[in-house]
Amino acid sequence: MGESLPAFTPVTLLTGFLGSGKTTLLRRLLADPALADTAVIINEFGEVGIDHLLVERLDDQMVLLSSGCVCCTVRGELATAIRDLHSRRERGLMPPFRRLVIESTGLADPFPVLSTLKADPVLRHHFRAAGVVTTVDAVNGLIQFERHIESVRQAAIADVIVLTKTDIAEEAATARLVARLGAMNPSAPLLRAAEDPLDADALLKSGGSGWFKAIAEPHTEMAAHRGVRAFSIVVDEPLDWTAFGVWLTMLLNRHGARILRVKGILALEGEERPIAIHGVQHLVHAPTHLSCWPSDDRRSRLVFIVEGIEPDLIQRSFSIFKRLNISVAA
Amino acid sequence: MCSLCGVIGGNEHWADAPAREGVYTRNADPVRRRRERAERVRIANCVLKLYGMKLSDWQGVAFLLSTLTGKSEIVEDLGHLWPVAEKLSGRLCDPLAVDFLAWLEADHG
């Protein structure tokens, strides 16, 4: 394996409801020479016939042990497929790939895929989740949101949303859909596949350090759609990391299934640089040190996308917990 | 090993992330790690006492969660703490429960 390969291969999850244009987008992205060293796993047979890429097939088997332990929520065959790619790359049986794209089925919940990368003892030492790209159909997106909660979750969980079929959709309908997406997931950049020149490399890096798009106003809350709503918490003073950890773990243990997304940029006591944190349901990625603050605003900001939870309760709970360290020390 | 399911290598909690380039962790040097563990015990106990439980350090590598009636269990990290706390106490440890918040606010407001 070449020395220039990254220590951790970034993995991008491409999701979106049935017929929303995932495969079309994938075909378009993979035509970009910048992605020539990208491996692809598709969990249903597709028509992407490209000779420099690997296409693996997965069935819809998911392993969920009755204990409910989150680290067991893995897709066994997905883990096997990625391990096999890794093994063949290590043994020089295939061209070294620098990134991996997983295209999920249209009805899939993205969480088990991300959980697999974190939970598998081999994969987590070689692969890292790089972000979730979700396609939303401009013609049928609003109807799908009404009828299929999976499509709402897929949009809510996205790092980047790619709006497809805007060239054949009515402008008014597209505008309503854009407004709805803005309410469900205000922190995700929205691209239009038909009009925007998509930078494949940048799109697949969407989960990197540049993913955080701050919501400026404190406790901004967007209108709920099917119980899914986004809101933010902004804190003026530096946070206590330990109290934050106790609070977030307790919150996710009880409500993780309904906390579709949490993203944050934190100013911690004693730390000059900001800390980025992001999680999907029960799964929280290792916190990372950002090289600098993205703007002059150095307040901690947390963005939540929740399903069926009152934002005021989370805000109140957070406010009490962040004072714990002060009262204990007093 | 994940203490809940027994899967080897199943656990790597975000609050105890191994030191890697770019990763924020207090796990890297021994002094900071010990200080963080002590802080964690102090703050977790503010919450756990509502449920009649107490957390203590166990050999610097894990924690011991005990109830007032003497039941105890080793927990590895914060992710493991809350499921075990619910099991030992027989109660839901819900940080959004209104009565829990009222109690915590009165105690630490």
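**Exercise 1.** In this predicted model, decide whether A:Trp241 and B:Tyr24 are buried or exposed, and then work out how their rings are arranged.

*Solution.* Begin with accessibility: A:Trp241 and B:Tyr24 are both buried. Next, turn to the geometry, since a pair of aromatic rings is described by the distance of the centres and the angle of the planes. For A:Trp241 and B:Tyr24 the centres are 5.3 Å apart and the planes meet at 85°; because planes over 60 degrees apart count as edge-to-face, this aromatic pair is edge-to-face. Finally, locate the partners: A:Trp241 belongs to helix α8 of chain A, while B:Tyr24 belongs to the segment before α1 of chain B, so the pair joins two chains.

**Exercise 2.** Find out which aromatic pair A:Phe244 forms with B:Trp14, and explain why A:Phe244 counts as buried.

*Solution.* The rings of A:Phe244 and B:Trp14 are 6.5 Å apart from centre to centre, with 70° between the planes, and they form an edge-to-face pair. This pair, too, crosses between chains, running from helix α8 of chain A to the segment before α1 of chain B. A:Phe244 has a relative accessibility of 4% and therefore counts as buried, because the limit for buried is under 20%.

**Exercise 3.** Place A:Phe244 within the largest nonpolar core.

*Solution.* The largest nonpolar core has 55 residues, and A:Phe244 and A:Phe304 are those with the most contacts inside it. Helix α8, residues 241–255 of chain A, supplies the largest share of this core, namely nine residues. Beyond its neighbours within four places in sequence, A:Phe244 is in contact with A:Leu266, A:Ile277, A:Leu302, A:Phe318 and B:Trp14.

How values were computed
Residues numbered from 1 in each chain as written. Chains lettered and ligands numbered in written order. Predicted model: local features only at pLDDT ≥ 70, side-chain atom pairs only at ≥ 80, totals over all residues. Heavy atoms only, no water. Core = buried A, V, L, I, M, F, W, Y, C linked by side-chain atoms within 4.5 Å. Buried < 20%, exposed > 50% of the residue type's maximum accessible area, 1.4 Å probe, protein only. Helix = DSSP H or I, 4+ residues; strand = E, 2+ residues; numbered from the N terminus. Contact = heavy atoms within 4.5 Å. Phe/Tyr/Trp six-rings, centres within 6.5 Å; stacked < 30°, edge-to-face > 60°.
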